[in-house]
Amino acid sequence: EDFDLVIRNGTVATASDIMQCDVGIAGGKVVAMGRNLASGKREIDAAGKLVLPGGVDSHCHLDQPMEEGLEMADDFRSGTISAACGGTTTVIPFAAQAKGQSLRAAVEDYHRRAEGKAVIDYAFHMIVSDPTEKVLKEELPQLISEGYTSFKIYMTYDDLKLNDRQIIDVLAIARREGAMVMIHAENADCIAWLTEQLEDAGLTAPKYHATSRPMLVEREATHRAIALSELVDVPILIVHVSGKEAIEQIRWAHGHGLRIYAETCPQYFMLTADDLDQEGYHGAKCICSPPPRDKENQQYIWDGLANGLFTVFSSDHAPFRYADPKGKMPGGKEVPFRYIPNGTPGLETRLPLLFSEGVGKGRIDLNRFVALTATDPAKMYGLYPQKGTIAIGGDADIAIWDPHKEVVIANDNLHHNVDYTPYEGVAVTGWPVVTLSRGEVVYDGKEPQGAAGRGEFLKCGLPDPARPRKR
Ligand code: URP
Ligand code: ZN
Ligand code: ZN
Ligand code: ZN
């Protein structure tokens with residue numbers, strides 16, 4: 001046989017094309033695409049199915065070291081299994097630098113956490129929280145040259161946030177070295193002041209998390225991030241954009257020719273601030289930052305997904321359990337919102353939600369779906385064309401979708417280790433029936449397959465979209 005595997009009779013879609021063809025796979029790579037390919041050692045009949053690039057989830061949190069007592073529920077094993085069962089074949093979680101820690105030590109620690117666990121391939125972003133002389137002059141340039149070519153910085157959270165001068169300093173390094181900088185844009189002082197006001201008034205229920213982080217604080221920080229990017233002349237990517245006011249800032253930047261990329265996530269079209277106001281304390285499950293907004297803002301998110309304002313659609317999977325001692329409901333007690341860990345789980349549901357709500361309901365087309373979920377994240381972070389598309393010479397990372405499969409999302413059927421999903425009971429149409437990682441089945445439509453540890457670490461190239469305008 002010519003091939004290890006042939007996927008026959010499917011409809012192949014990439015970010016640009018849709019074609020009826022077979023896909024021939026050998027040595028973990030796509031080696032042929034065409035009609036009536038020769039036989040393979042294995043064959044999959046994909047008649048009536050969509051053959052799509054496996055998803056690249058370029059913003060998810062797995063086994064990140066947290067403050068004393070707080071643990072992420074998903075490590076590289078459960079996280080990548082869950083991702084694979086939802087059609088994702090590459091994840092890029094975060095090696096986070098703690099204040100006072102060397103960046104190199106953070107990356108090495110994160111490798112130890114990943115070692116022997118992943119079932120799909122993975123790369124690392126870094127989180128830079130302490131840009132010392134040594135970090136700026138030595139560690140960051142070296143790590144970038146070794147394949148860690150993107151990092152996230154925060155404008156909020158006391159243990160992570162950088163001031164404007166620090167942001168300028170790291171942006172200047174990113175420009176010189178060719179790295180992509182992801183920015184969490186919320187104004188920390190506004191949030192701190194509002195939180196105090198709310199607490200003084202006794203307003204501490206989960207729903208006040210949204211009150212403490214109105215869109216103004218995201219708009220202001222987004223504007224400032226764009227200005228700092230323009231000052232230094234380096235592209236940036238604004239992560240988890242929640243709605244209209246931030247979008248307007250990004251649109252303004254595009255109008256001025258600035259290279260400002262933007263990401264959004266399922267929670268910003270699936271949830272609203274009202275979901276933080278569920279009976280009892282269950283609203284804690286939907287606490288994330290920025291918070292979900294309202295119906296009108298959900299429409300802005302859809303418009304941005306359809307019209308190219310957004311480049312990346314990721315999960316921002318943040319696996320905090322409801323019932324853990326320091327989880328969403330720490331020690332089984334209702335605590336003021338400021339003590340509730342931020343973020344929602346979503347590795348496995350990311351693609352089905354966008355497929356069903358987006359492609360299924362005619363809000364985006366299939367090519368756009370592939371671009372947002374696979375091709376463009378791979379390009380943004382230096383993994384394309386090995387990852388993110390179906391093309392000869394690329395890795396055979398493929399999700400075969402049944403576009404008609406009806407699934408009611410239930411946490412019992414998901415494979416993450418979080419004890420809830422914000423999407424319990426949501427009906428979707430379309431789900432992967434086979435997920436392949438380098439030609440090997442990692443999900444067979446029923447159960448995860450493939451040994452923990454088969455997933456490989458990916459060194460990222462310098463991302464082409466990170467190049468400065470050279471003004
Ligand atoms: O609320 C969120 N998004 N938590 C996860 C961490 C982050 O800022 O992305
Ligand atoms: Zn963030
Ligand atoms: Zn995040
Ligand atoms: Zn299962």
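**Figure 1. Coordination of the zinc ion (ligand 2) in the predicted model.** The zinc ion (ligand 2) is held by three donor atoms, NZ of K152, ND1 of H184 and NE2 of H240, at 2.0 to 2.1 Å. The structure shown is a predicted model. Along the chain, the donors of the zinc ion (ligand 2) are spaced as K-x31-H-x55-H. Because K152 belongs to strand β13 (residues 150-154) and H240 to the loop between β15 (236-238) and α8 (244-255), the pair ties together parts that lie 88 residues apart in sequence.

**Figure 2. The two zinc ions, ligand 2 and ligand 3****.** This view places the zinc ion (ligand 2) beside the zinc ion (ligand 3), with a separation of 4.0 Å. Among the donors to the zinc ion (ligand 2) are H184, through ND1, and H240, through NE2.

**Figure 3. The surroundings of ligand 1.** There are 13 residues around ligand 1, and those that come nearest are K152, H184, S289, D316 and N342. Sorted by class, this shell consists of four nonpolar, seven polar and two charged residues. The space that ligand 1 takes up is the largest pocket.

**Figure 4. Polar contacts of ligand 1.** The side chain of K152 places a polar atom 2.9 Å from an oxygen atom of ligand 1. K152 also coordinates the zinc ion (ligand 2) through NZ. In the side chain of H184, an N or O atom is 3.0 Å from an oxygen atom of ligand 1. S289 takes part through its backbone, where an N or O atom lies 2.7 Å from an oxygen atom of ligand 1. Ligand 1 taken alone exposes 270 Å², of which the protein buries 94%.

**Figure 5. Two cis peptide bonds that precede proline residues****.** Most peptide bonds are trans. The bond from S289 to P290, however, is cis, with omega near -10 degrees. P290 is located in the loop between α9 (267-270) and α10 (295-307). S289 is also one of the residues that come nearest to ligand 1. A cis peptide bond likewise links Y384 to P385, with omega about 5 degrees. The loop between α12 (366-380) and β18 (398-408) contains P385.

**Figure 6. The backbone at N36.** Most residues other than glycine have a negative phi. N36, although not a glycine, has a positive phi of about 50 degrees. This residue, N36, is part of the loop between β5 (29-34) and β6 (40-45).

Notes
Residues are numbered from 1 along each chain as its sequence is written. Chains are lettered from A and ligands numbered from 1 in the order in which they are written. This is a predicted model: local features need pLDDT of at least 70, side-chain atom pairs count only at pLDDT 80 or more; totals for chains, interfaces and linings use all residues. Side-chain values use heavy atoms; hydrogens and water are left out. A residue is near a molecule or strand if one of its heavy atoms lies within 4 Å of it. A polar contact is a pair of N or O atoms within 3.5 Å; within protein, one must be able to donate a hydrogen and the other to accept it, and residues adjacent in sequence count only if both atoms are side-chain atoms. Accessible areas come from the Shrake-Rupley method with a 1.4 Å probe; for residues, only the protein chains shown count as cover. On a 1 Å grid over the protein atoms alone, a cavity is a set of points where a 1.4 Å probe fits but cannot get out, and a pocket is an open set with protein on both sides within 12 Å along at least five of seven lines; lining residues have an atom within 4 Å of a point. A molecule sits in a cavity or pocket if more than half of its atoms lie within 2 Å of its grid points. Ala, Val, Leu, Ile, Met, Phe, Trp, Tyr, Cys and Pro count as nonpolar, Asp, Glu, Lys and Arg as charged, and the others, Gly among them, as polar. Donors are N, O and S atoms within 2.8 Å of the metal (3.2 Å for Na, K and Ca); water is not among the atoms, so sites may look incomplete. Helices (H or I, at least four residues) and strands (E, at least two) are DSSP runs, numbered from the N terminus.
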